[in-house]
Amino acid sequence: MTWSRRDFLRISGVTATTSLVTATTLGTPAWAADEYDALRQRRVDMILGTGYSPTAEPYATKLAQAGQVAADYQAAMAPTTGSLWPDLPIGTVSANVTGTLGRLGALARAYALPGTGLTGDSGVLADVVSGLDWVAAHAYTATAATYDNWWDWQIGSPQSLLDTICLVYSALSSTQISTYLAAVDHYLPDSLVSAYAGTSTGANRVDLCRGLALRGVVGKNSAKIALARDALSPVFPLVVVGDGYYADGSFLQHTRVPYAGTYGAVLLGGLGMLFKLLAGSTWAVTDPNRQLVFDSVEKSYAPFLFNGLMMDGVSGRAISRGLTAADPLQIPQDDHTRGHGLVGGILMLADAASATERARWRGLVKGWLQRDYWKPFTGDLSLGIPTLAAGQAVLADSSVTAIAEPVNSKVFGAMDRATHRRAKWALAVSMCSSRTTYYETGNGENLHGWHTGNGMTYWWGDTFGNGQYSDSYWPTVDPYRLPGVTASRKALADAAGGAWGASYPATTWVGGATDGTYSALGQDTRGLQSTLTGKKSWFCLDDSVVCLGAGITCTDGVAVETTVDNRNLGPGTGNQAFTVDGVAQSTAMGWSATFTGADWACLSGFGGYLFPGGATVKALREARTGAWSSINTGGSTTALTRKYLTLWVDHGTDPVGSAYNYVLMPGADATMTAARAANPTVTTVSNTTSVQAIADGASGVTAANFFTAGTAGPITVSGPCSVLVRESGGTLRVSVADPTRSATTLTVTININGYATATGDPQVTVLGLAPIKLLVETGGALGASRTITFGTGSAVTPATPSTVVPMADAYVRDGSYASTNYGSDSALVVKNDATGYARRSFLKFDLSGLPAAPRRAILWVYGETADSAGTHTAFSAYGVSVDSWTETGVTWSTQPALGTVLDTRTIGDVKDWIPLDVTAFAQAQYAGDRILTVGLAAAAKSLAVTLNSRSNTVNPPFLEVLS
């Protein structure tokens, strides 16, 4: 039997989101009480939970359940030289080591917890101790080599071992503890956190630190705890590529996988646990950047939590972990259980947050849990007692007011995801690009997730559809007909494309613009292992989402389909009424039909669908059977059947330039849908491969996704971008994003007059008012929107743009290179390091040709980090008052002195444009000799940064000046 990471976390009861606080005294500690003992007891409190009555529900059932599982494990325990349990042989499958320690942990908790039937049982304690000795001798030893999966050796096994040691500490001798810790040191050496790279990043880094910290606590080793605390610091800062949190709230793990729902939850829960464990101690986590973790609760997690569920689009391969064969309790996992677990992590983190944050998070939690009608939190038997107790305490606290569902629209450009929230429903779109994978498979999981990242459109109602993806959806749905996806019917093999997000499309136009209330989303689509191409857009409005597709072309030799919806009809008869153009259709399973010129359709209890101008659509009502094992090798083989109503557009075999146009109306009934079809508020302005655009009379929104420079309605743009314009209540709001991330600036013209005032992002400059003309700085924004609102703020005086190229640039190097000139090099290099490795760069500009004094000046440089020691570093622009240096003469020894810091930016190991605001210094130099010298350097030790110089023919630096 192979144990997955999820099996271990669940059976051990120590999930990423376990919340904890009660004491169990097992006897006299091996050493005199000290600060280490206090922290160890705090961890015990965390594992066992507090603030609940063991005789009350749901705790009584949960405790009895834990006791029964432990009793079964105890009965099956049969030590031999090859295994402690016959079904977990040691030697080739590393998960069996983790699983063995997980079972010992389950026994230890049954012994320590009240009401398990095994509480305080000496036989159980003896079996735990003898089991630990067996593991230390045969499985997790201080000398044996690793095999199979690194995660088991470095994270799964030590976490379980250390927690079990905490629980039975008083029954262990100092020799036993030293033996166990020697194994931990062997597999979890300090060197694993020496560099923030490889598998030691994001959630994995936090897990490694957790192991090191607990090893230090148990072994009374201050250096280990301090190392764990300090090694957390690289996790906190925002990133611009790869694993971690982004400024827009995105979270990635495994480089290209949107993962807030699982790895992100592990990270959040792990940080909450460590913050809480070390709080008030000698080793408290005090790095000021930890505030970025607190900020992530509402930036990275809350947008994907709805009615207690965590949206599947950010849970990676975990969507295939519904029911595992190894689970002795056979409790299904789904988006609700993941959401409930994440709630526990948020509540744990709240213990270390400010009073204001704590109060608000508790209000959010109460709202999520109160609204979860499909799987009520207190009935979720997958949760550990600490998490149940923490959540129930919030639900029972009359001083906490539940926070209502928000009304907002968010684009997470750094991970190609978007959410659209309304009071009665929520929607999410999962896309992919050269920055994010089609899907993730690995460890035999998520074998059919091929199309989940290629435009899948999820939506839920406030009181309906919350079991849509929870109720055995993934093993039974047709994986080629996922809602919102345009896919080739070409047969794909299990795990097609490779493990760990190996496959991703060679396309960059993915993302969109948002003003926070409405969004325009788009995707330049490429099929996985397919010739499929096309352009897709979603325009998110008040009560509807307009979905457009154009240029759909494929030569796979099979049919290509766009799935409008694929509704899981729930556990009942599946006979919900389906109406097309006012005519009720058959409710019989197996029914299918093709509708020509259809204007609208409605599925009772779910929502409506509009087809502007009429469309040919197909529908099918069917029962589908599958097993979790078909999409996850560790899944249950039990056959499951679910009923579906599928609605799709058939583009035919090998289509050329095919298109679609439909509108989703979540929650609408037949009357509402028919009325909107008869009196539409939305006009399709364009649906071509160049631009997809709509205008909505109800909201005043005009939105367009430009795949090339062009015009749509009143909007004209200089290059590929997404634009959303909303005119309402005497104001005009314009939001612009560059999903391609290729431009530094874009010129956007809105053919509207009559506005003289504006306020907005500093990266948007008004060039004209009749019509409105804008220069929008999109470079370095990672696909985020820039917004300006007319009809508010102060009077606008249009600016004049100028582009100034460097008259000279060069870098210098210290040490033995201090007299060497690098002025002819095609790169500018920046690094702060030991003697002989430090570099600085200088650029000189002539401002005398400007039409007037600068109002804004941005230095644009293009490059990346190029250093084996890591991926991210910071560098700064400095004012330099001496301009006499020359490109062919400047060296480290003759370099001009750096002045004050003008701007500081983070750069990653993927080439990008970096904007540096040098406005104030440019203004001062313009008022003087009109020669501007900027130095580029790093204030602290840094990685090497390589930027293109003016002699580089590709993306050389320049100064953008607005006068």
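Tutor: Helices (H or I, at least four residues) and strands (E, at least two residues) are DSSP runs, numbered from the N terminus. With that in hand, R930 is easy to place: it lies in the loop between α17 (919–927) and β43 (931–937).

Student: Before we go on, what kind of model is this?

Tutor: This is a predicted model, where local features need pLDDT of at least 70, side-chain atom pairs count only at pLDDT 80 or more, and totals for chains, interfaces and linings use all residues. Residues are numbered from 1 along each chain as its sequence is written, and side-chain values use heavy atoms, leaving out hydrogens and water.

Student: Okay, the big picture. How many helices and strands are in the protein chain?

Tutor: The protein chain has 17 helices and 45 strands. Its radius of gyration (taken over C-alpha atoms) is 30 Å, close to the 30 Å from the globule rule (2.2 Å times the number of residues to the power 0.38) for 963 residues, so the chain is as compact as a globular protein of that length. Along the principal axes, the C-alpha trace spans about 90 × 85 × 55 Å.

Student: What share of the residues count as buried?

Tutor: Buried means under 20% relative accessible area, exposed means over 50%, and partly exposed is in between (1.4 Å probe, protein chains only). Here 61% of the 963 residues count as buried. Contacts (heavy atoms within 4.5 Å) add to that picture: among those between residues at least 6 apart in sequence, 72% join residues at least 24 apart.

Student: Let's try a helix. How far does α5 reach?

Tutor: An α-helix has 3.6 residues a turn, so residues three or four places apart point the same way. Helix α5 (residues 122–138) has 17 residues and runs 24 Å from first C-alpha to last, close to the expected 24 Å. That expected span is 1.5 Å times one less than the number of residues.

Student: Which residues of α5 are buried, and what covers them?

Tutor: The buried ones are V124, L125, V128, V129, G131, L132, W134, V135 and A136. Their cover includes α3 (59–76), α4 (94–112), α6 (150–167) and α7 (174–187).

Student: Now a sheet. What is the order of the open sheet of eight strands?

Tutor: Strands of a sheet pair through backbone hydrogen bonds, either parallel or antiparallel. This open sheet goes β22-β23-β24-β27-β28-β33-β30-β34, with antiparallel pairing. At its edges sit β22 (682–687) and β34 (794–795), each pairing on one side only. Two strands pair if DSSP finds at least two bridges between them; β24 (residues 701–706) and β27 (residues 721–728) have six, in the antiparallel sense.

Student: Which residue in β27 is the bridge partner of T702?

Tutor: That's V725.

Student: Where are the cis peptide bonds before P58 and P771?

Tutor: One runs from E57 to P58, with omega near 10°, and P58 lies in the loop between α2 (35–48) and α3. Another joins A770 and P771, with omega about 0°; P771 lies in the loop between β31 (764–769) and β32 (772–777).

Student: Back to R930. What is its phi?

Tutor: R930 has a positive phi of about 65°, although it is not a glycine. R930 is partly exposed, with a relative accessible area of 31%. N955 also has a positive phi without being glycine, near 45°. You'll find N955 in the loop between β44 (945–948) and β45 (958–962), partly exposed with a relative accessible area of 27%.
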